Amino acid sequence: MKKIFKIVLVIIIAGMVAIQFFNRPDMSTTTEITPAHITKVMSVPANVESILKRSCYDCHSDHTTWPWYSSIAPASWLVGDDVVKGKKKMNFSQWGSMQPAKQEARLNEICEEIKSDEMPLPPYLIMHGDAKLSQADKDILCQWVEIELKKLEDANPE
Ligand code: HEC
């Protein structure tokens with residue numbers, strides 16, 4: 001091997017090692033079900049919960065299952081960023097801490113996002129094929145959204 005290639009290779013490897021020390025995502029996760037958890041503040045049938053668990057919890061709850069590549073930069077930055085932003089927007093583990101109006105808005109968005117295949121985020125499906133929603137899954141989620149929206153509206157008349 002020519003010397004120049006060796007040098008380039010060493011620089012690349014050193015660079016890969018060096019970036020591992022920057023911006024490590026907070027890879028926290030828990031199995032704890034707090035009182036504000038969506039399953040404690042709304043009725044979430046088992047079939048709905050299993051879809052949410054399978055397809056949404058990684059980015060929208062405190063129960064993230066961190067894949068092995070999430071420990072390795074630069075993949076860790078991408079994965080960590082999705083989880084931080086996803087949870088910031090909507091966290092099923094903290095559902096009850098949102099005002100009813102916000103809960104209504106999020107419920108509406110859930111059905112819209114899944115119908116238009118915007119959620120789960122398409123790149124996520126590359127590594128999580130089983131998270132892809134079938135038409136039946138979408139129908140189950142949207143029907144559940146309808147029921148819970150009705151309950152919220154009845155409980156919080158404007
Ligand atoms: C790979 C991570 C990831 C997965 C999996 C995921 N989401 Fe998201 N979701 C995000 C991120 C990131 C945002 C925030 C986008 C933003 O702030 O612009 C978001 C935003 C949302 C929003 C708010 C939409 C809006 O108007 O901004 C809803 C609703 C939503 N997701 C529903 C879901 C549902 C339902 C599932 C499961 C079927 C799901 N998501 C799965 C990452 C994810």
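These questions and answers walk through the ligand site, the pockets and some backbone details of a predicted model.

Me: Which residues come nearest to the ligand?
Reply: The shell around the ligand has 18 residues. By class, ten are nonpolar, three polar and five charged. Those that come nearest are Cys56, Cys59, His60, Lys89 and Met119.

Me: How far is a nitrogen atom of the ligand from an N or O atom in the side chain of His60?
Reply: His60 is among the residues that come nearest to the ligand. A polar contact needs N or O atoms within 3.5 Å. The pair formed by the ligand nitrogen and the His60 side-chain atom is separated by 2.8 Å.

Me: What distance separates a polar side-chain atom of Lys89 from an oxygen atom of the ligand?
Reply: Lys89 is also listed among the residues nearest the ligand. Here the ligand partner is an oxygen atom. The cut-off for a polar contact is 3.5 Å, and the Lys89 distance is 3.4 Å.

Me: Which helices each supply at least two residues of the shell around the ligand?
Reply: The count is made element by element, with at least two shell residues required. Three helices are named. They are helix 4 (57-60), helix 5 (75-89) and helix 6 (100-115).

Me: Where does the ligand sit, and what is the volume there?
Reply: The ligand sits in the largest pocket. His60, Lys89 and Met119 are among the lining residues nearest the centre of this pocket, and these three also appear in the list of residues that come nearest to the ligand. The volume of the largest pocket is about 380 Å³.

Me: Which helix gives the most to the lining of the largest pocket?
Reply: The largest pocket is lined by 20 residues. They divide into eleven nonpolar, three polar and six charged. Helix 3 (46-55), helix 4, helix 5 and helix 6 each supply at least two. The top contributor, with five residues, is helix 6.

Me: How much space lies in the second largest pocket?
Reply: The ligand sits in the largest pocket. The second largest pocket holds about 270 Å³.

Me: Which residues of its lining are closest to the centre of the second largest pocket?
Reply: This pocket is lined by 15 residues. Helix 4, helix 5 and helix 7 (122-127) give two or more residues each. By class, the lining has ten nonpolar, three polar and two charged residues. Closest to the centre are Tyr69, Val79, Asp82, Pro123 and Tyr124.

Me: Which helix gives the most to the lining of the second largest pocket?
Reply: Helix 4, helix 5 and helix 7 are the elements that give two or more residues. One of them gives five residues, the most. That is helix 5.

Me: Which residues line the largest cavity?
Reply: The count comes to one cavity of 30 Å³ or more. About 30 Å³ of space lies in the largest cavity. Its lining divides into three nonpolar, four polar and one charged. The residues are Gln20, Phe22, Arg24, Pro25, Ser70, Ser71, Ala73 and Ser76.

Me: What is omega for the cis peptide bond that joins Ala73 and Pro74?
Reply: Most peptide bonds are trans. Pro74 is in the loop between helix 4 and helix 5. Ala73, its partner in the cis bond, also lines the largest cavity. Omega is about 5 degrees.

Me: What is omega for the peptide bond from Met119 to Pro120?
Reply: This bond is cis. Pro120 is in the loop between helix 6 and helix 7. Met119 is one of the residues that come nearest to the ligand. Omega is near -10 degrees.

Me: Is Asn23 buried or exposed?
Reply: Asn23 is found in the loop between helix 1 (3-19) and helix 2 (38-41). Asn23 has a positive phi of about 50 degrees although it is not a glycine. Its relative accessible area is 65%, and the cut-off is over 50%, so Asn23 is exposed.

Me: What is phi of Asp117?
Reply: Most residues other than glycine have a negative phi. Asp117 is in the loop between helix 6 and helix 7. At 43% relative accessibility, Asp117 is partly exposed. Its phi is positive, near 60 degrees.

Me: Is Trp144 buried or exposed?
Reply: Trp144 lies in helix 8 (residues 135-155). Its C-alpha is 9.3 Å from that of Leu107, 37 residues apart in sequence. Relative accessibility is 3%, under the 20% cut-off, so Trp144 is buried.

Conventions: Residues are numbered from 1 along each chain as its sequence is written. This is a predicted model: local features need pLDDT of at least 70, side-chain atom pairs count only at pLDDT 80 or more; totals for chains, interfaces and linings use all residues. Side-chain values use heavy atoms; hydrogens and water are left out. A residue is near a molecule or strand if one of its heavy atoms lies within 4 Å of it. A polar contact is a pair of N or O atoms within 3.5 Å; within protein, one must be able to donate a hydrogen and the other to accept it, and residues adjacent in sequence count only if both atoms are side-chain atoms. On a 1 Å grid over the protein atoms alone, a cavity is a set of points where a 1.4 Å probe fits but cannot get out, and a pocket is an open set with protein on both sides within 12 Å along at least five of seven lines; lining residues have an atom within 4 Å of a point. A molecule sits in a cavity or pocket if more than half of its atoms lie within 2 Å of its grid points. Helices (H or I, at least four residues) and strands (E, at least two) are DSSP runs, numbered from the N terminus. Ala, Val, Leu, Ile, Met, Phe, Trp, Tyr, Cys and Pro count as nonpolar, Asp, Glu, Lys and Arg as charged, and the others, Gly among them, as polar. Grid points are joined across faces, edges and corners, and a volume is the space filled by probe spheres set on the points. Buried means under 20% relative accessible area, exposed over 50%, partly exposed in between (1.4 Å probe, protein chains only).
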